[in-house]
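Reader: Please explain how the ligand and the enclosed spaces of this protein are arranged.

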Amino acid sequence: MGTVILGTGSCLPRNVVTNSDLEKIVDTTDEWITSRTGIQSRHIASGDEYTYKLSARAAEKALEMAGVGAEELDLIVVATISSHMLMPSSACFVQNEIGATNAFAWDLNAACSGFLYGIDLADKYVRADKKSKILVIGAETLSTRINWEDRNTCIIFGDGAGAAVVGYSESESGYIGSNLSSDGSLWKLLHMHAPESTNPNLKVPDNTGAHIVMEGREVFKHAVKAMEDAVRGLLEREQLTLDDINLVIPHQANIRILNKLKERLQLPEDKVFINVSDYGNTSAASIPIALDEAKRSNRISSGDTVLFCSFGGGFTWGASLIKW
Ligand SMILES: CC(C)(COP(=O)(O)OP(=O)(O)OC[C@H]1O[C@@H](n2cnc3c(N)ncnc32)[C@H](O)[C@@H]1OP(=O)(O)O)[C@@H](O)C(=O)NCCC(=O)NCCS
């Protein structure tokens with residue numbers, strides 16, 4: 001009995017960009033991208049596929065699965081680092097788009113860990129008021145924040161949105177807990193500046209522009225260790241072992257990070273949900289998209305314990321557990 005995910009949904013942009021397409025833009029090859037990242041294609045937004053539009057479509061599917069009306073929502077949280085406006089938030093746009101007239105709404109910035117942070121926050125609300133219905137969305141159009149001349153980054157990221165409706169259930173299932181962390185001292189390894197300051201008296205040093213900058217090798221090392229530590233810490237605290245876990249849904253950063261994690265935790269192949277080859281790294285959207293796919297393809301059954309883990313810019317990272 002406790003906080004449960006009542007429904008999930010996801011939405012991907014129509015346009016698919018393959019590694020061969022990227023060969024025409026930067027000095028790279030399909031072979032390099034596939035062997036270093038496991039990514040073969042990614043969805044890239046076009047037309048009016050803004051972060052909030054993808055979010056709203058994902059939300060509608062999640063509400064439908066949950067059997068919850070938009071007007072029943074109390075709160076909408078959109079985890080994103082690629083809102084199409086700085087103000088209003090994507091969450092406010094979603095609120096309007098889906099007609100969630102009774103909800104308040106705001107965005108959460110925790111990069112790739114945003115969805116897990118959002119679910120943890122929703123759990124606190126639901127514990128405080130069992131009637132609460134909360135929509136947590138992870139959504140990105142990182143294609144709008146990429147330097148398309150930087151082959152180190154433009155091959156990695158993709159666009160998309162995933163959503164979950166969170167509420168309360170008297171059943172045996174529920175949110176077990178989380179182990180979330182941040183370390184702002186390492187920000188430089190993975191960051192994105194805001195647009196140039198218009199205040200001439202306040203100059204932001206080293207502003208490389210409002211796009212993603214990444215020290216790939218360093219990020220790789222931190223990502224593997226942080227996710228491993230978060231998972232081990234959480235399982236130890238909850239007195240569980242990996243044998244108690246039915247499915248692991250990790251942030252889909254890239255296949256080499258996921259393989260290292262599997263190796264360190266000695267996770268069998270069939271216990272880890274991976275879809276990075278089709279979507280690339282969709283940051284805050286990656287876990288909810290994977291969760292929705294896992295749910296809709298019956299990889300999660302009633303009674304299953306699902307483990308999530310994430311890592312992203314900040315640094316932010318963590319793990320959480322839900323019994324279905
Ligand atoms: C980005 C990443 C794939 C790069 O792989 P790597 O093995 O570390 O490669 P390096 O950065 O050391 O670069 C090796 C060479 O490949 C080149 N290279 C980089 N990107 C390339 C590309 N897209 N195509 C071809 N060559 C490329 C580099 O310029 C370098 O060439 P050099 O040896 O002549 O200098 C890898 O570091 C990684 O996965 N990091 C984690 C990224 C991530 O997941 N970030 C998000 C976390 S949420």
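Author: On a 1 Å grid over the protein atoms alone, a cavity is a set of points where a 1.4 Å probe fits but cannot get out, and its lining residues have an atom within 4 Å of a point. Grid points are joined across faces, edges and corners, and a volume is the space filled by probe spheres set on the points. The model is predicted: local features need pLDDT of at least 70, side-chain atom pairs count only at pLDDT 80 or more, and totals for chains, interfaces and linings use all residues. Residues are numbered from 1 along each chain as its sequence is written, and side-chain values use heavy atoms, leaving out hydrogens and water.

Reader: How many cavities of 30 Å³ or more are there by this rule?

Author: The largest cavity has a volume of about 40 Å³. The second largest holds about 30 Å³ of space. The count by this rule comes to two.

Reader: Which residues line the second largest cavity?

Author: Its lining divides into six nonpolar residues, one polar and no charged (Ala, Val, Leu, Ile, Met, Phe, Trp, Tyr, Cys and Pro count as nonpolar, Asp, Glu, Lys and Arg as charged, and the others, Gly among them, as polar). The lining residues are Thr3, Val4, Ile5, Ile119, Val166, Tyr175 and Ile322.

Reader: Where does the ligand lie with respect to domain 1 and domain 2?

Author: Domain bounds come from an automatic or database domain assignment. Domain 1 (2-172) and domain 2 (175-323) both give residues to the shell around the ligand, so the ligand lies between them.

Reader: How is the shell around the ligand divided into nonpolar, polar and charged residues?

Author: The same classes apply to this shell, whose residues have a heavy atom within 4 Å of the ligand. The division is 10 nonpolar, seven polar and five charged.

Methods
1 Å grid on protein atoms, 1.4 Å probe; cavity = no way out; pocket = protein on both sides within 12 Å on 5 of 7 lines; lining within 4 Å.
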